[in-house]
Each structure stands twice: as structure tokens, then as C-alpha cells.
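Colleague: Please walk me through the sheet, its helices and a surface patch.

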Amino acid sequence: MAQIDNIVEVTIDRQTSQIDIQSFDIPLLLVGMSGAEFGSDRVRTYSDLSEVAEDLGTTHNGYIMAQKLLSGNMRVRTFKIGKVDLSVSANETYVSALQAVIDEDDTWYALMADDHSDATIEELAETIQAMRKIYATSTSSSDALNPSGTTDIGAKLFAKKLDRTFISYHPQAESQFPECRWVGEQLTYAPGSNTWEYKSLSGVEDVKLNSTQIRTLENKGYNYYISIKGAPVTRRGKTSGNSWIDEIILVDWIYARLQEQIFFRLINLPKIPYTDVGVTIIENEIRSVLTQGQENGGIDQYTVTSPRVLAIPEMQRAQRILGDFKFNARLAGAVSIVTIRGVVSY
């Protein structure tokens, strides 16, 4: 031991334990396979299209979906492909495959699948509804354009108000996978900093729709891709529960970051005292998340109300349950429609 240690004794407590941070920019492509692909792997992570070609070839749905995912000016850094074993011996459903993927790797946020059948879409939508994730899909069924129809997949999802699923109508959905192109670019934005409406999807053909067809699609909760003044753009940007897609993602982000930052303090401090000092520690973490939401452009204003320690029942304090903290955040929202009224005269 150096002599100086006897003179100046220094103890440093490393309060740097790390926790997993939920990502909101990682998509999962759930793809049917013959059984041989991926070997015993259930899910693989990719960052480049050439890696997918190496594993699946260039004609496989997984490759085509990945190609759409990465074809924008802004693209996700990593994505995952999950295997649905469609071999005769397995004959796996997409929902059971999804659960197997989750058991192995749950670090993704946005789901897309190569199966656009009504049954699979409905089953995946109901499964995702119970999670803090989102599901993007599309359909080419002309039933979507029937004003009196109530049994097409969009109408069913809309009736169930499934606000973690968003579906687009596109006549070439089976080959162009418009949802992959849409998600691939929009997930690159920080939650709260973008909207999903009025976006151009390179490599996806715009759809010719008349006003009656547009009203029908909107009344059933479909998104669609049309050309306005020569500019192809996505319209609605909403889920089947009629919520804005960007707001669902923002709320999920707030929820995750609040949990993560407060848990980080709980495991890295010797203790958070059940005093006004402890209350302040928690309040500061809440404010930190909401301030970041402001900086991202998702939150306009917010207030935080913290409990008074002496007002908390003794029994609750004995159980070491600190609550209730409350916050009120006003979303910044976004402009979707502009109204102008003017008068000209002599």
C-alpha cells in the first residue's frame, strides 16, 4: 500500500449500474419460411440489405420487405427478421411465431408481417393491442372500397378500436409492402418530432381514388397513398382506433423513459429517503423526461405535482410506497388541415 493511502483515504462508490433502455426505432419483420432458413434461430438482427440477401436470397418476402424498409433517405440503423415456420411439419401460426420471437428477443418496437390475410392481420392486431408496441400492415382487398361493407379487415379493426395497429389500403400491397417503406423512415425520428401524414414513399405507387372511395376508406379507418397536386403523400396517419400514430409512440416513449430513469435512481443510490429530499429526486426525473419530450417537439407545456410526505398515510409510508406524483402534459400536436377565410372587395 502506498504511504499516501495512510494519509488520504479515498473511497469511490461507482453508482453506474446500467439498465436496458427501450428502443423505439427498431422494426421487426415477421416472415413465413419453409423451415430451413435461419436454421435453429428464431430471429436475426440486420443492419444491411446484403446481409438479408445472404440469408434469404433476393426473391424472398423477407428481402423485399427489408428493401422497402431501407429505401428512404432516412433509414433505421438496425432491424430484425423473425421466422414463421410454415413447413408441413410445423405449420406455425403468425401469432405463435410472434410469441416465440418475443421470448427470444423483445427489443423491437414496430411489427410488420408478410401475411396480409384478414385472419392473420386481425390476430396480430389483437395480440399487439395488449403490448406497448405498434403493428403496421396493408391490404389489397377491394372490399375496403365498399361503402356499405362492414366485414372487410379495416372495418373490423376500426370497430374494435385497435389503436396499436394501422392499416393502409393499396392495390399492390402484396408486392410493394407500403407499410414497410412508411415505417422504415418514420421510426428514425425521435418520438414526438414527426407526424406520419403527408409523407412520400419512394418505390411505392400512388393510388388513384375518387372522393367517394376516399370517404369510404377514412370512415373505415384505412390510411392511403394518393397524389395531390402531383405530390404522392400518405393520408390520415392514424391507427385503427382513430388515434394519431405519432401520439401513440410519444405516450409509449414517456411511459418507458419514466420507468427507466426512476428505476435507474433506485438501483444506483444507496437509498431514496422517504422525505422531501426523496420526493425531489423522483420529481426531477419526471421533469427530465417531460423536458426531453418538449425538446423533441412532442410536448408543449407540462406541470408536475408531487405529494407532501406528511400528508401520506402512515401505513403507506411504512410500506415504502411513495405516491402519488401527477403530471399534466399538453401535447404539441401537429397541423393536418388548414382553414383560411378571406374577403376581397373594391
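A short exchange on these topics follows.

Modeller: This is a predicted model, where local features need pLDDT of at least 70, side-chain atom pairs count only at pLDDT 80 or more, and totals for chains, interfaces and linings use all residues. Residues are numbered from 1 along each chain as its sequence is written, and side-chain values use heavy atoms, leaving out hydrogens and water.

Colleague: Which strands stand at the edges of the sheet?

Modeller: The sheet is open, with six strands in mixed pairing (pairs need at least two DSSP bridges). Strands are DSSP E runs of at least two residues, helices H or I runs of at least four, both numbered from the N terminus. The order is β2-β3-β1-β4-β5-β6. Two strands have a single partner each, so one side is left without a neighbour: β2 and β6.

Colleague: In which sense do β1 and β3 pair?

Modeller: β1 covers residues 27–33 and β3 residues 79–85. Met 33 stands opposite Asp 85. Six bridges join the two strands, and the sense is parallel.

Colleague: At what angle does helix α4 run to β1?

Modeller: Helix α4 spans residues 94–104 and lies across β1, β2, β3 and β4. Axes are lines fitted to C-alpha atoms, for helices over the stretch in contact (heavy atoms within 4.5 Å), with angles from 0 to 180 degrees between N-to-C directions. The value is about 130°.

Colleague: Is Ile 267 buried, partly exposed or exposed?

Modeller: Ile 267 lies in helix α10, residues 245–268. Buried means under 20% relative accessible area and exposed over 50%, with partly exposed in between (1.4 Å probe, protein chains only). At 34%, Ile 267 is therefore partly exposed.
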